[in-house]
Amino acid sequence: MSRIAYVNGRYLPHKRASVHVEDRGFQFADAAYEVIAVRGSALIDEDLHLKRLHRSLGELRIAAPMGDASLKSVFREVLRRNAIVDGALYLQISRGQAPRDFPFPQGVAPTLVVTAQRKRGPLAKQVEEGVGVITLPDIRWRRPDIKSVSLLPNLLAKQQAKEAGAFEAWLVDRDGNVTEGTSSNAWIVTAAGEVVTRQADTSILNGITRLGLIGLLAREGLKLVERPFSVAEVKAAREAFLTSSNNFVLPVVSVDGAAIGNGYPGSVVRRLRQAYEGHVAAQGAAQ
Ligand SMILES: Cc1ncc(COP(=O)(O)O)c(C=O)c1O
């Protein structure tokens, strides 16, 4: 079955779907995006993703191309035309197409692209055995809380992680504290059993998986602390994990080659992954 992409009002064969060479997303990374997990045909936490999208668009002063009800119809049509039951939906909204010039163009409609793909996610082995991360300086701009498509520092760090045989890079600020991963939020479980993740200020993207998991912690009887934590604390942690729409909750068992805890996924992360899968499954079942 051939893939279909939505571009500015048209459903096109994926191979032929494109934006103009002077689209500002292409020229300047002048665009916001979202990635939404799809399970059992349901868009997981869709409204939270839309809320974050509107926040990103607002911060960038890019107009929404249509209302939420219309956006949701496009999402469903893209899933339907691609026969996606389990996978991910990607959407990008750029400031639109205009002659290349830094100031915002006037009277230009934003560009909307929506695509979908079948489930990739982590491998069963990665979930069961955990993954490794390396630490690298966080060289991104100072507004990673905006989900913009200017991801060059993120992908350079991810490539370095891959070349080092690691799954992810955890980015470290000038104070020696972890901000987040290149495409995930970072968490530790301390020796005292507290679940720690950095506070959602302008230094990280407030992950939708992060938010969903925070909502589940109290029910699991776990104490959440939102604060910065250092690389030394990661090394001394009882457990560590990352969260994202692509990976849900994934155990991290080593940092810069050193084992975290006993080097195996701990009981807290295994419980939290299960709880998050329940949160996802409930939305799929409600479809
Ligand atoms: C920099 C960054 N942090 C965190 C996340 C996790 O966000 P979410 O849980 O909404 O997928 C992502 C997702 O792509 C990301 O790019």
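**Group meeting: sheet, helices and a surface patch**

I'll start with Phe 26, which is exposed, at a relative accessible area of 60%. Keep in mind that this is a predicted model. Phe 26 sits in helix α1, which covers residues 24–28. On the surface, Phe 26 joins Val 19 and Val 21 in a nonpolar patch. Together, the three residues have about 310 Å² of accessible area.

Next, the sheet. The sheet is open and has six strands, with antiparallel pairing. Reading across, the order is β2-β1-β6-β5-β3-β4. Which strands stand at the edges? They are β2, residues 10–13, and β4, residues 42–43. Each of these two has a single partner strand, so one side of each is left without a neighbour in the sheet. As background, strands of a sheet pair through backbone hydrogen bonds, either parallel or antiparallel.

One pairing in detail. Strand β1, residues 4–7, pairs with strand β6, residues 111–118, in the antiparallel sense, and there are two bridges between them. Val 7 has Val 113 of β6 as its bridge partner.

Now the helix on the sheet. Helix α2, residues 46–60, lies across three strands: β3 (31–39), β4 and β5 (87–94). Relative to β3, helix α2 runs at about 175 degrees.

Last, Ala 236. This residue lies in helix α7, residues 231–236. Is Ala 236 buried or exposed? Its relative accessibility is 61%, so Ala 236 counts as exposed, the cut-off being over 50%. Ala 236 and Ala 5 are 231 residues apart along the chain, and their C-alpha atoms are separated by 46 Å.

Note on methods. Residues are numbered from 1 along each chain as its sequence is written. This is a predicted model: local features need pLDDT of at least 70, side-chain atom pairs count only at pLDDT 80 or more; totals for chains, interfaces and linings use all residues. Side-chain values use heavy atoms; hydrogens and water are left out. Patches are made of residues with over 30% relative accessible area and no salt bridge: like charges are joined within 9 Å, nonpolar side chains (Val, Leu, Ile, Met, Phe, Trp, Tyr) within 5 Å. Accessible areas come from the Shrake-Rupley method with a 1.4 Å probe; for residues, only the protein chains shown count as cover. A salt bridge is a side-chain nitrogen of Lys or Arg within 4 Å of a carboxyl oxygen of Asp or Glu. Helices (H or I, at least four residues) and strands (E, at least two) are DSSP runs, numbered from the N terminus. Buried means under 20% relative accessible area, exposed over 50%, partly exposed in between (1.4 Å probe, protein chains only). Two strands pair if DSSP finds at least two bridges between them. Contact means heavy atoms within 4.5 Å. Axes are lines fitted to C-alpha atoms, for helices over the stretch in contact, and angles run from 0 to 180 degrees between N-to-C directions.
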